[in-house]
Structure formats: C-alpha cells, structure tokens
Amino acid sequence: GSDRSRLLCPITLARMKTPARGRRCQHLQCFDVEAYLAVNSRMAFNQRWLCPVCNATTRPAELFIDAYLLRVLAKTSTCDEEVAFDASGNWSVTAQAEPPAPPS
C-alpha cells in the first residue's frame, strides 16, 4: 500500500474532520466518517456501504476512526493536503493547496 495519505476526504474533497476507514481496508487513505454516513444513507441499496477508496463493503459497524491521522490533521495547516509516513511512523507534508490569489 501507499505510504501517503491525503488529508482531503475523497467524498467531499474538503479537509477531513474525523478520518475513518474500514477494518478490512488495506490502505492508509481515510474518508470523513460523517460524510460517509450521510452519503450512504441516501444511496441506492445495492450501492450502499462501499469504501470510497477501495470499494470494499464497509458497513457502519466496520468503520474505525484513525486516531493517528486525527492527530496529524490537528498538527497540520489547513492548506496541507497530503502527508507521507516513514517506516517508524513519522510524517511529513508532501502536498499543499495553492494559496488563494491576491485580489487584483
């Protein structure tokens, strides 16, 4: 799996507030748990509860909050979009949003 994780939710494309993923998922990438629950509650029954990253069936009881990524989110700035992890679990920012253009 990748040693990088985007800090933006793949559902909302906004910065995650509560990063989560399925217990069976093999990836580091999370999604925002509130967005996942809200979107899936409105989905067609046969499309419901699929991980937005790997498409594995991921019911609400199979979700877990990634407490480590929650701490990373708290320590990064709002323009930071991606982090990379090394073998010992340290992380560094690898992508940032372009700053907004100054008004002309």
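Modeller: A polar contact is a pair of N or O atoms within 3.5 Å, one able to donate a hydrogen and the other to accept it. That cut-off will be needed for helix H1. The model discussed here is predicted.

Biologist: What makes Asp32 a cap of H1?

Modeller: A side-chain oxygen of Asp32 lies 3.2 Å from the backbone nitrogen of Glu34. The limit for a polar contact is 3.5 Å, so this pair qualifies. The end of H1 that Asp32 caps is the N-terminal one.

Biologist: Which residues of H1 are buried, and why are they said to be on the same side?

Modeller: The buried residues of H1 are Val33, Ala35, Tyr36 and Asn40. Around the axis they cover an arc of only 160 degrees, which places them on the same side of H1. Among the elements that cover these buried residues are S2, S3 and S4.

Biologist: What kind of sheet do S2, S3 and S4 form?

Modeller: These three strands form an open sheet with antiparallel pairing, in the order S3-S2-S4.

Biologist: Why are some of them called edge strands?

Modeller: The name goes to strands that pair on one side only, here S3 (31–32) and S4 (63–65).

Biologist: How do you know that S2 and S4 pair?

Modeller: Strand pairing requires at least two bridges. Strand S2 (residues 19–22) is joined to S4 by three bridges, so the two count as paired. One of the residues involved is Arg21, whose bridge partner in S4 is Phe64.

Biologist: What about S5, and which strands does it pair with?

Modeller: S5 pairs with strand S1 (residues 4–6) in the antiparallel sense, over three bridges. With strand S6 (residues 91–96), S5 shares five bridges, also antiparallel. On the S1 side, Ser5 has Val83 of S5 as its bridge partner.

Biologist: What makes S5 count as largely enclosed?

Modeller: Five of its six residues are buried, so the rest of the structure largely encloses S5.

Biologist: What lies between S5 and S6?

Modeller: The hairpin has five residues between the strands, and Gly89 in this hairpin takes a positive phi near 90 degrees.

Biologist: How do you know that Gln96 and Asp80 make a polar contact?

Modeller: Their side chains come to 2.6 Å. That value is within 3.5 Å, so the pair meets the distance limit. Asp80 also stands opposite Gln96, a residue of S6. Leaving aside neighbours within four places in sequence, Gln96 is in contact with Cys79, Asp80 and Glu81. Gln96 and Glu81 are 15 residues apart in sequence, while their C-alpha atoms are 5.0 Å apart.

Biologist: Why is Gln29 called buried?

Modeller: Its relative accessibility is 14%, and the class takes anything under 20%, so Gln29 is buried. Gln29 sits in the loop between S2 and S3. A polar atom of its side chain lies 2.8 Å from the backbone nitrogen of Arg6. Not counting residues up to four places away in sequence, Gln29 touches Ser5, Arg6, Leu8, Pro10, Met16, Arg21 and Val53.

Biologist: How many disulfides are there?

Modeller: The count is zero. A disulfide needs two cysteine sulfur atoms within 2.5 Å. For Cys54, the nearest cysteine sulfur is that of Cys51, 3.8 Å away, so Cys54 falls outside the limit.

Biologist: Why does Cys79 form no such bond?

Modeller: The closest cysteine sulfur, in Cys9, is 19 Å from the sulfur of Cys79, which is too far for a bond.

Biologist: Are Cys54 and Cys79 buried, partly exposed or exposed, and what are the values?

Modeller: Cys54 has 35% relative accessibility and counts as partly exposed. Cys79, with a relative accessible area of 31%, is partly exposed. The class runs between 20% and 50%, so each value fits.

Biologist: What makes up the largest nonpolar core?

Modeller: This core has 18 residues, and those with the most contacts inside it are Leu7, Met16, Phe31, Leu69 and Val72. The elements that supply two or more residues to this core are H1 (33–41), helix H2 (67–75) and S5 (80–85).

Biologist: And the chain as a whole, what is its secondary structure?

Modeller: The chain has two helices and six strands. From the N terminus, the elements run β-β-β-α-β-α-β-β. Of the 104 residues in the chain, 33% are buried.

Technical notes: Residues numbered from 1 in each chain as written. Predicted model: local features only at pLDDT ≥ 70, side-chain atom pairs only at ≥ 80, totals over all residues. Heavy atoms only, no water. Core = buried A, V, L, I, M, F, W, Y, C linked by side-chain atoms within 4.5 Å. Buried < 20%, exposed > 50% of the residue type's maximum accessible area, 1.4 Å probe, protein only. Helix = DSSP H or I, 4+ residues; strand = E, 2+ residues; numbered from the N terminus. Arc of directions from axis to C-beta. Contact = heavy atoms within 4.5 Å.
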